[in-house]
Amino acid sequence: MENSVETACRICGLDDGEELFDRHGLPRYVICDCCYNESGIGDDTLMQVRELRGLWVGHGARWHNPARKPADWDLLGQIANIPPRWR
């Protein structure tokens, strides 16, 4: 996206600082600890992103790796991290 690195998951908004898409928009194929989406797989169009997000939220917004879930986790706060282009 416009020469900026993406570190927030397009599906759930988890942003742990790991590069998911490089400055050229190329995916790094990193699996999200929260929603289990792999960057670059099924998240390259807004419709796909919204569908995957809806499935994740519809199934309770469960963490794939619960050990990484912060004790004070806030779903809405995390979703606010989603890059505007992917909301």
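Helices here are DSSP runs of H or I with at least four residues, numbered from the N terminus. By that assignment, Trp-63 is placed in the loop between α1 and α2. The structure is a predicted model, and its secondary structure amounts to 2 helices and 0 strands. The 87 residues of the protein have a radius of gyration of 12 Å, in agreement with the value near 12 Å for a compact globule.

**Overall dimensions and surface**

- The C-alpha trace spans about 35 × 25 × 20 Å along its principal axes.
- Of the 87 residues, 33% are buried.
- The exposed area of the protein is about 5400 Å², of which carbon and sulfur atoms supply 53%.
- Among contacts with a separation of 6 or more, 42% join residues that are 24 or more positions apart.
- There are 10 positive and 14 negative side chains, and the centres of these two sets are 3 Å apart.

**Nonpolar core**

- The largest nonpolar core comprises 16 residues.
- Within this core, the members that touch the most others are Cys-9, Cys-12, Leu-14, Cys-32, Cys-34, Cys-35 and Trp-56.
- Outside its neighbours within four places in sequence, Cys-32 contacts Cys-9, Cys-12 and Leu-14, as well as Asn-37 and His-64.

**Surroundings of Trp-63**

- Trp-63 has a relative accessibility of 10% and therefore counts as buried, since the cut-off for that class is under 20%.
- The C-alpha atoms of Trp-63 and Cys-35 lie 5.8 Å apart, although the two residues are separated by 28 residues in sequence.
- When neighbours within four places in sequence are set aside, the contacts of Trp-63 include Leu-14, Asp-33 and Cys-34.
- Further contacts of Trp-63 under that condition are Arg-68, Lys-69, Pro-70, Trp-73 and Gln-78.

**Backbone positions with positive phi**

- Most residues other than glycine have a negative phi.
- Tyr-29, which is not a glycine, has a positive phi of about 55°.
- Tyr-29 belongs to the segment before α1, the helix of residues 46-58.
- The relative accessibility of Tyr-29 is 46%, so this residue is classed as partly exposed.
- Ala-61 also has a positive phi, near 50°, and is likewise a residue other than glycine.
- Ala-61 is located in the loop between α1 and α2, the latter covering residues 75-79.
- With a relative accessible area of 6%, Ala-61 is buried.

Terms used:
Residues numbered from 1 in each chain as written. Predicted model: local features only at pLDDT ≥ 70, side-chain atom pairs only at ≥ 80, totals over all residues. Heavy atoms only, no water. Rg over C-alpha atoms; globule rule 2.2 N^0.38 Å. Buried < 20%, exposed > 50% of the residue type's maximum accessible area, 1.4 Å probe, protein only. Contact = heavy atoms within 4.5 Å. Areas by Shrake-Rupley, 256 points an atom, 1.4 Å probe, with all protein chains shown as cover. Lys, Arg positive; Asp, Glu negative; His and termini not counted. Charge placed at Lys NZ, Arg CZ, Asp CG, Glu CD. Core = buried A, V, L, I, M, F, W, Y, C linked by side-chain atoms within 4.5 Å.
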